[in-house]
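Please open the structure in the viewer and keep the sequence beside it. The tour proceeds by selection, one stop at a time.

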Amino acid sequence: MPKFSFDVLPSNAEATIKEAFEYLKAKDRRAVIAIDEFQQIAEYPEKGVEALLRGQIQLLPGVRFVFAGSHKHMMEEMFVSPNRPFYQSTQILSLHTIPCDSYAAFARRFFDRAGLPFDSAVFEEVYRRFDGITWYVQAVMNRIWGAGDGLSNVAQVDAAVKSLVEDQSDVYHDLMRSQSEGSRKMLRAIARAGVVRQPSAGKFVASAGFKAASSAAFAMKDLRSRDLVYETDSGWVVYDRLFGVWLREN
């Protein structure tokens with residue numbers, strides 16, 4: 001099946017979208033278009049990009065679209081808010097985490113082929129620390145694999161996580177410097193707790209160092225709007241789990 005790709009640049013979004021869709025119209029054939037990190041179009045400086053894209057899509061009945069995004073609340077706003085162009089235009093599908101036993105069996109095959117030890121209990125520790133989120137599990141396992149000693153103890157996990165955090169240390173320092181005092185307080189408090197079910201609760205607000213609940217609420221709103229924290233089934237967490245580790249250690 002023929003494939004092509006294109007990048008929609010914020011500085012030239014309208015022209016890029018029109019060119020891409022003109023190409024598809026000219027081909028007049030069935031196609032599937034997958035757009036990754038789709039929520040980013042909402043942040044483009046050009047106004048009306050969502051409406052433009054929706055209008056162009058309606059002119060291509062033979063093309064099927066897949067919109068993927070990692071920022072859940074932004075994607076939900078785009079597709080379930082009545083005042084947005086893509087309202088009720090798609091079937092929503094949430095991708096859940098891979099079950100731990102299936103993930104462990106997948107990882108074990110690579111270690112077995114290389115004749116390296118693989119301890120399922122240690123893998124479960126990696127999975128648990130990062131709630132089974134593939135990006136983090138894959139990153140940690142990649143560091144462990146690269147060391148060439150197999151997976152046999154939790155110390156290897158600690159070393160891999162430390163290495164990943166150190167790689168991003170300068171980025172995290174700059175990110176914290178760019179926050180308001182209130183946002184820094186809230187980030188550190190959520191990172192220390194790991195998971196916070198009720199960030200507006202008086203006890204948590206006080207432990208975070210806020211004198212007023214309104215200040216804590218403002219900081220929380222700011223962090224949510226920039227996807228630095230997000231809500232899981234268990235409560236609120238720091239979005240970047242490695243950033244959370246860095247916050248707890250600094």
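Is helix 12 mostly covered or mostly uncovered? In this predicted model, seven of the nine residues of helix 12 are buried, and the helix is mostly covered.

**First stop: helix 12**

Select residues 241-249, which form helix 12. The buried residues to highlight are Arg241, Leu242, Phe243, Gly244, Val245, Trp246 and Leu247. Next, add Asp240 to the selection: at the start of helix 12, one of its side-chain oxygens comes to within 3.0 Å of the backbone nitrogen of Leu242.

**Second stop: helix 8 against helix 12**

Keep helix 12 on display and add helix 8, residues 169-177. The two axes come within 11 Å of each other and cross at roughly 75°. Helix 8 is therefore roughly perpendicular to helix 12, since angles of 65 to 115 degrees count as such. On the side of helix 8, the contact is made by Ser169, Tyr172, His173, Leu175 and Met176; helix 12 contributes Leu242, Phe243, Trp246 and Leu247. Sorted by class, this contact has seven nonpolar residues, two polar ones and no charged ones.

**Third stop: helix 5 and helix 7**

Now select residues 120-129 for helix 5 and residues 154-167 for helix 7. At what angle do helix 5 and helix 7 pack? The angle is about 35°, and the axes lie 9 Å apart. The crossing of this pair is right-handed. To display the contact, show Val122, Glu125, Val126 and Arg129 in helix 5 together with Val154, Val157, Asp158 and Val161 in helix 7. By class, the contact of helix 5 with helix 7 comprises five nonpolar and three charged residues, with no polar ones.

**Fourth stop: Glu77**

From Val154, turn to Glu77: the two are 77 residues apart in sequence, and their C-alpha atoms are 40 Å apart in space. Glu77 belongs to helix 3, residues 72-80. Because its relative accessibility is 38%, Glu77 counts as partly exposed.

**Final stop: Gln39**

Select Gln39, which is placed in the loop between strand 1 (31-35) and helix 2 (49-57). Is Gln39 buried or exposed? Gln39 counts as buried because its relative accessibility is 2%, where the cut-off for buried is under 20%. Show the side chain of Glu37 as well, with which the side chain of Gln39 makes a polar contact at 2.7 Å. Beyond its neighbours within four places in sequence, Gln39 is in contact with Gly69, Ser70, His71, Met74, Met75 and Met78.

Methods: Residues are numbered from 1 along each chain as its sequence is written. This is a predicted model: local features need pLDDT of at least 70, side-chain atom pairs count only at pLDDT 80 or more; totals for chains, interfaces and linings use all residues. Side-chain values use heavy atoms; hydrogens and water are left out. Helices (H or I, at least four residues) and strands (E, at least two) are DSSP runs, numbered from the N terminus. Buried means under 20% relative accessible area, exposed over 50%, partly exposed in between (1.4 Å probe, protein chains only). Axes are lines fitted to C-alpha atoms, for helices over the stretch in contact, and angles run from 0 to 180 degrees between N-to-C directions. A crossing is left-handed if the near helix is turned anticlockwise from the far one by less than a right angle, and right-handed if clockwise. Contact means heavy atoms within 4.5 Å. Ala, Val, Leu, Ile, Met, Phe, Trp, Tyr, Cys and Pro count as nonpolar, Asp, Glu, Lys and Arg as charged, and the others, Gly among them, as polar. A polar contact is a pair of N or O atoms within 3.5 Å; within protein, one must be able to donate a hydrogen and the other to accept it, and residues adjacent in sequence count only if both atoms are side-chain atoms. Angles under 35 degrees count as roughly parallel, over 145 as roughly antiparallel, 65 to 115 as roughly perpendicular and the rest as oblique.
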